[in-house]
Amino acid sequence: MPITHRTGLLGIIGYPIGHSLSPAMQNAALEATDLDMVYIAMEVPPRRLSPALGAMRALKFRGFNVTIPHKERIIPYLDRLTPEARLIGAVNTVLNRSGRWIGHNTDGRGFSSALSEAAGFSVRERRVFILGAGGAARAVAFRSALEGAAEVTVANRTAARAVSLIRDLAAGRFGLRAVPLGGPPRGWREAVRRADLVVQATSLGMRPDDPLPLPRDYIRAGQVVCDLVTSPPDTPFLKGARGAGAITVNGIGMLVHQGAISFKIWTDREAPLDLMKAAVVRVSGARSARIR
Ligand code: NAP
């Protein structure tokens, strides 16, 4: 479909943004559904956030995704938040509804759909160990609480962030056991081993020289282990977990499912999940080949 002055604008803001797989994934979905819309990547450094958002309002963007470092900073610019985005304290999807900007967070739901699809796993009444306390970890922690997890442990290099996430979870009165752990991974062995689900939600594993986020022998057979890193899709941590007999799930499923939920929010149409996944695998595969 030709792009004209009538074409609806969607996109993603972040800094840096060159690594994002969302343009390939969302444009594949738009093309397949024959919608007159286009999705573009926009590099927005923090000091340019305010003018960039002003321009997007003026250009009547239909909606957009938000990624690092703007997921929390965007909140004051929005007219309303969904209850889940408010709980998490971060927004990854904005909908322009008749000029009012509504902030959603689709990461948690994307995570839980991906786990269900890849491993038939539900967190209900299960023990969840989350490594990391950033935006992705917060989305996973609150989604786990909303879906009835029995226990959520958050372990993070910076202890204060784990404590703060657990405090926010406890304030939600979900009736689960919530435990913060800080400091080096050495003391975390028991907590990892008692978990039914281990979620790697730090950025470790994206660079070839990164250390393993957890020692290999902490993982036990039968556990479900999910690494949210998408590039590379099969991280050294996941390979080690598979070697230990765990069921492993990579970050691609969450990326595709959160994107599919965003697509539905903007277009009111079901997203073509298989096509979106194929686009992500194609682009991330081509990039990994170039890096090697
Ligand atoms: P973030 O808010 O910047 O948080 C980063 C987390 O990683 C923090 O817990 C941080 O610990 C930890 N960390 C960073 N470097 C570390 C190191 N050298 N050693 C130990 N811990 C380290 O980032 P985010 O948005 O949560 O993203 C985290 C990861 O999830 C990224 O790889 C991102 O690509 C991925 N992600 C995937 C999806 C998906 O759809 N698959 C969606 C969102 C995010 P401190 O607090 O101590 O700094």
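**Close-up 1. Asp227, a buried acid in strand S11.**
In this predicted model, Asp227 belongs to strand S11, which covers residues 224-227. Is this residue buried or exposed? Asp227 is buried, and yet it has no salt bridge. Look for a side chain of opposite charge and the nearest one is Arg242, 9.6 Å away. What does the Asp227 side chain make a polar contact with, then? Its partner is the side chain of Gln200, at 3.0 Å. If you skip the neighbours within four places in sequence, the contacts of Asp227 are Gln200, Thr235, Phe237, Leu238, Val249, Asn250 and Gly251.

**Close-up 2. The six-stranded sheet around S11.**
Zoom out a little and you find S11 in an open sheet of six strands. Reading across, the order is S9-S8-S7-S10-S11-S12, and the pairing is parallel. Which strands sit at the edges? They are S9 (177-182) and S12 (247-249), and each of these pairs on one side only. From one strand to the next, the twist averages 15 degrees. As a bit of background, strands of a sheet pair through backbone hydrogen bonds, either parallel or antiparallel.

**Close-up 3. Where S7 meets S10, and the helix lying across the sheet.**
Strand S7 (residues 127-131) and strand S10 (residues 197-200) run parallel, and four bridges join them. Pick out Leu131 and you'll find that its bridge partner in S10 is Gln200. That's the Gln200 whose side chain makes a polar contact with the side chain of Asp227. Now find helix H8, residues 236-243. Which strands does H8 lie across? The answer is S10, S11 and S12, with the helix running at about 170 degrees to S11.

**Close-up 4. Strand S6 and its two partners.**
Four of the five residues of S6 (residues 100-104) are buried, so the rest of the structure largely encloses this strand. S6 pairs with S4 in the parallel sense, over two bridges. Here Arg80 stands opposite Ile102 in S6. With strand S5 (residues 93-97), S6 pairs in the antiparallel sense over five bridges. Val94 has Gly103 as its bridge partner in S6. S5 and S6 form a hairpin, and there are two residues between them. Check out Ser98 in the turn: its phi is positive, at about 50 degrees.

**Close-up 5. Two cis peptide bonds, each leading into a proline.**
Most residues other than glycine have a negative phi, and most peptide bonds are trans. Tyr15 and Pro16 are joined by a cis bond, though, with omega at about 0 degrees. Where is Pro16? It lies in the loop between strand S1 (8-14) and helix H1 (22-33). The other cis bond in this legend goes from Ile68 to Pro69, and its omega is near 5 degrees. Pro69 is in the loop that separates strand S3 (63-66) from strand S4 (80-81).

**Close-up 6. Asp34 and Arg173, two residues with positive phi.**
Neither Asp34 nor Arg173 is a glycine, but both have a positive phi. For Asp34, phi is near 60 degrees. You'll find Asp34 in the loop between H1 and strand S2 (37-43). With 57% relative accessibility, Asp34 counts as exposed, because the cut-off is over 50%. For Arg173, phi is about 50 degrees. This arginine sits in the loop between helix H6 (159-171) and S9. Arg173 is exposed too, with a relative accessible area of 74%.

**Close-up 7. Phe142 and Asp107, two buried helix residues.**
Phe142 is part of helix H5 (residues 135-146). Its relative accessibility is 1%, so Phe142 counts as buried. What is around Phe142? Leaving out neighbours within four places in sequence, its contacts are Leu87, Ile88, Leu165, Asp168, Leu169 and Phe174. From Phe142 to Arg109 is 33 residues in sequence and 10.0 Å in space, C-alpha to C-alpha. Now turn to Asp107, which is in helix H4 (residues 107-119). Asp107 is buried, with a relative accessible area of 8%. Again skipping neighbours within four places in sequence, Asp107 is in contact with Lys71, Asn92, Ala139, Met254 and Gln258.

Conventions:
Residues are numbered from 1 along each chain as its sequence is written. This is a predicted model: local features need pLDDT of at least 70, side-chain atom pairs count only at pLDDT 80 or more; totals for chains, interfaces and linings use all residues. Side-chain values use heavy atoms; hydrogens and water are left out. Buried means under 20% relative accessible area, exposed over 50%, partly exposed in between (1.4 Å probe, protein chains only). Lys and Arg count as positive and Asp and Glu as negative; His and the chain ends are not counted. A salt bridge is a side-chain nitrogen of Lys or Arg within 4 Å of a carboxyl oxygen of Asp or Glu. A polar contact is a pair of N or O atoms within 3.5 Å; within protein, one must be able to donate a hydrogen and the other to accept it, and residues adjacent in sequence count only if both atoms are side-chain atoms. Contact means heavy atoms within 4.5 Å. Two strands pair if DSSP finds at least two bridges between them. Axes are lines fitted to C-alpha atoms, for helices over the stretch in contact, and angles run from 0 to 180 degrees between N-to-C directions.
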